[in-house]
Amino acid sequence: MGIGSGAGVALEGVHASVAALDALAAEDTFMAAGVGVGADVDVLQRRYELRLTRLELVKRLEAQLAAVKARDVAEAVVIQHAMLAPDTPVHERTYTEMSAVEEIAGVLTVSSGAAGAFVEQSRRVCSLPPVMDALSAGAMSWPHARIVADETEGLSPDGAAALVAHFYDPDAPNPARGAAPGELVPARFRTKVRTWRERHHPETLEKRHAKGVADRRMEYTPDRDGMAWISLHLPGDTACAIWNRTTATARGLQGPDEPRTLTQLRPDIAASLLLGAGNASDTDSAGPTEAGRVPAPRADVLVTVPVFSVLGQTDEPAVLDGLGPIPASMARKLVADGAESFYRVLVDPRDGAPLEIGRTRYRLPETIKQWIRMRDGKCSFPGCSNHTPDNETDHLTAWDHGGTTGASNLAQLCPKHHRLKHARPWIPDEAMKNEPPGWTSPTGRHYKPEHPDPEPTHWPPGILELPTEIPDWPDMPEVPCGEPPGDHFIDPDELSPADPLWDDFYAMPFCLPPDPEMNWQSLLS
């Protein structure tokens with residue numbers, strides 16, 4: 001990293017942002033005084049919009065200042081090392097850097113540990129030019145840049161460059177789709193970055209998961225006001241099932257006679273289950289009592305598994321709803337144990353998208369709900385991270401206004417944003433068969449959807465290679481044509497999508513077909 005390189009660009013951006021803020025402040029002053037305001041101008045609405053625009057500029061300015069700060073921190077340490085003679089011993093260089101970090105800690109009024117972490121993060125961000133350029137331009141915040149620094153740790157230089165190119169270079173192979181990094185809230189951006197990293201990490205997810213399982217633990221931390229925290233570090237599928245079950249149980253207990261919120265019910269239910277206290281519905285605000293049994297509704301955990309992975313031909317990670325990538329072995333275990341989370345929707349064989357069910361009925365079959373749940377992954381409202389157990393499947397264009405009951409007119413909304421959509425003019429875009437909708441705010445600001453970031457599935461080694469010699473194919477028995485005997489068969493094309501027979505069909509046990517590669521290999525041997 002060259003000393004002073006790029007600092008001028010960041011400072012030019014700072015000056016431009018400050019000038020824009022000054023112009024907005026002057027316009028607001030004129031608006032407040034009524035100077036030069038036309039009769040057709042809604043002063044309050046304009047002053048409201050001015051504040052939103054100022055917030056956008058302040059956000060950009062904070063990012064630009066963060067870029068200046070990160071570059072100065074990284075270059076301060078570089079300059080300290082440059083002042084040493086080339087043959088300076090290693091321990092002297094170590095003390096030089098320690099002293100610089102302590103000096104930075106004093107200037108920023110932070111602890112030594114925080115200063116040391118900031119130095120390392122700044123170094124890594126400065127070593128990734130596309131990330132530093134986006135920060136200097138105010139296109140994303142420092143928390144976004146820090147996420148990239150954290151998630152590239154442990155990757156090779158080529159691996160880190162590939163991760164950055166995926167999210168910041170639109171010309172990269174299979175670039176990230178949908179909202180840009182700075183248009184996603186940091187927690188959602190971390191989810192996308194971590195998902196990519198898990199698939200491309202030099203060490204397989206299976207090995208890293210095995211290390212994590214060995215480090216599982218339970219922690220107890222006292223807190224203020226006579227309270228304390230209990231934390232469990234568990235395999236992801238177990239933790240996800242616990243969370244979904246407590247949420248489902250809490251929702252089942254809510255009603256007009258239950259004063260506790262969902263947030264309060266979850267810990268009460270967990271305490272009841274762990275302590276064997278019995279029925280969470282008989283607890284008061286002071287804690288659980290011994291009476292009855294806790295209801296145990298089914299808690300669904302959806303898992304999306306590539307077909308070759310579930311067949312054991314590859315170790316490509318699966319995706320657990322509400323968590324993210326999980327090892328293939330964990331996904332195969334969920335399948336083998338008969339997890340009741342596989343909801344199948346009739347899909348178009350050309351693109352795997354769910355078929356529309358049209359305006360045949362308003363109420364949604366469970367299969368369509370679960371497909372929308374898998375497509376969206378969370379509440380589709382901009383910036384919301386509320387995961388699927390709490391969410392509702394909503395018609396984007398109301399049924400009363402001609403909206404259809406199909407994938408392109410359905411999306412997940414948490415209860416809070418479901419109410420807001422009907423109370424204020426937040427307008428959703430039309431959804432795509434495999435993508436959630438974007439949104440337009442009451443002031444006309446458009447928020448792009450947070451697309452999933454799928455990649456082509458991994459194929460087993462050698463399966464796409466053609467044999468050098470074509471074997472003599474064995475005589476195959478002639479397959480009779482025509483309808484099978486009997487009069488109890490139904491042509492699926494003549495069956496309405498709303499027919500309850502489809503629900504019976506989708507309720508059939510999940511069963512994998514025979515491995516086609518086995519017959520192929522036997523013919524080649």
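Start by selecting S231: leaving aside residues up to four places away in sequence, this serine touches R217, M218 and E219. Keep in mind as you click around that this is a predicted model.

**Stop 1: around S231**

Colour the strands and you'll find S231 in strand β2, which covers residues 228-233. Is S231 buried, partly exposed or exposed? Switch on the surface to take a look: S231 has a relative accessible area of 36%, so it counts as partly exposed. Now add Y220 to your selection. S231 and Y220 are eleven residues apart in sequence, and their C-alpha atoms sit 6.6 Å apart in space.

**Stop 2: two helices that pack**

Next, select residues 236-253, which form helix α10, and residues 262-275, which form helix α11. Two packed helices are described by the angle between their axes and the distance between those axes. Here the angle is about 120°, and the axes of α10 and α11 are 9 Å apart. Turn the view until one helix lies over the other: α10 passes α11 in a right-handed crossing.

Which residues of α10 and α11 meet? Show side chains for W243, T246, T247, T249, A250, R251 and L253 on the α10 side, then for L262, L265, R266 and I269 on the α11 side. Try colouring this contact by residue type: you should get six nonpolar, three polar and two charged residues.

**Stop 3: a cluster of rings**

Now hide the helices and select F381, W426, W439 and Y447, which ring pairs link into a cluster. The model has five aromatic pairs by the ring-centre rule. Zoom in on F381 and W426 to begin with. Their ring centres are 4.8 Å apart and their planes meet at 55°, so this pair is tilted. F381 lies in the loop between α14 (366-376) and β6 (392-395), while W426 lies in the loop between α15 (415-423) and β8 (427-428), so the pair ties together parts 45 residues apart in sequence. Both F381 and W426 are buried.

Stay on F381 and swap W426 for W439. What kind of pair do F381 and W439 make? With ring centres 5.2 Å apart and planes at 55°, F381 and W439 are a tilted pair. W439 is in strand β9 (residues 439-440) and F381 is in the loop between α14 and β6, so this pair ties together parts that are 58 residues apart in sequence.

One last check with the surface on: F381 is buried, with a relative accessible area of 5%, and W439 counts as buried at 1%.

Key. Residues numbered from 1 in each chain as written. Predicted model: local features only at pLDDT ≥ 70, side-chain atom pairs only at ≥ 80, totals over all residues. Heavy atoms only, no water. Phe/Tyr/Trp six-rings, centres within 6.5 Å; stacked < 30°, edge-to-face > 60°. Helix = DSSP H or I, 4+ residues; strand = E, 2+ residues; numbered from the N terminus. Buried < 20%, exposed > 50% of the residue type's maximum accessible area, 1.4 Å probe, protein only. Contact = heavy atoms within 4.5 Å. Axes fitted to C-alpha atoms, helices over the stretch in contact; angles between N-to-C directions. Left-handed = near helix turned anticlockwise from the far one by under 90°. Nonpolar A, V, L, I, M, F, W, Y, C, P; charged D, E, K, R; others polar.
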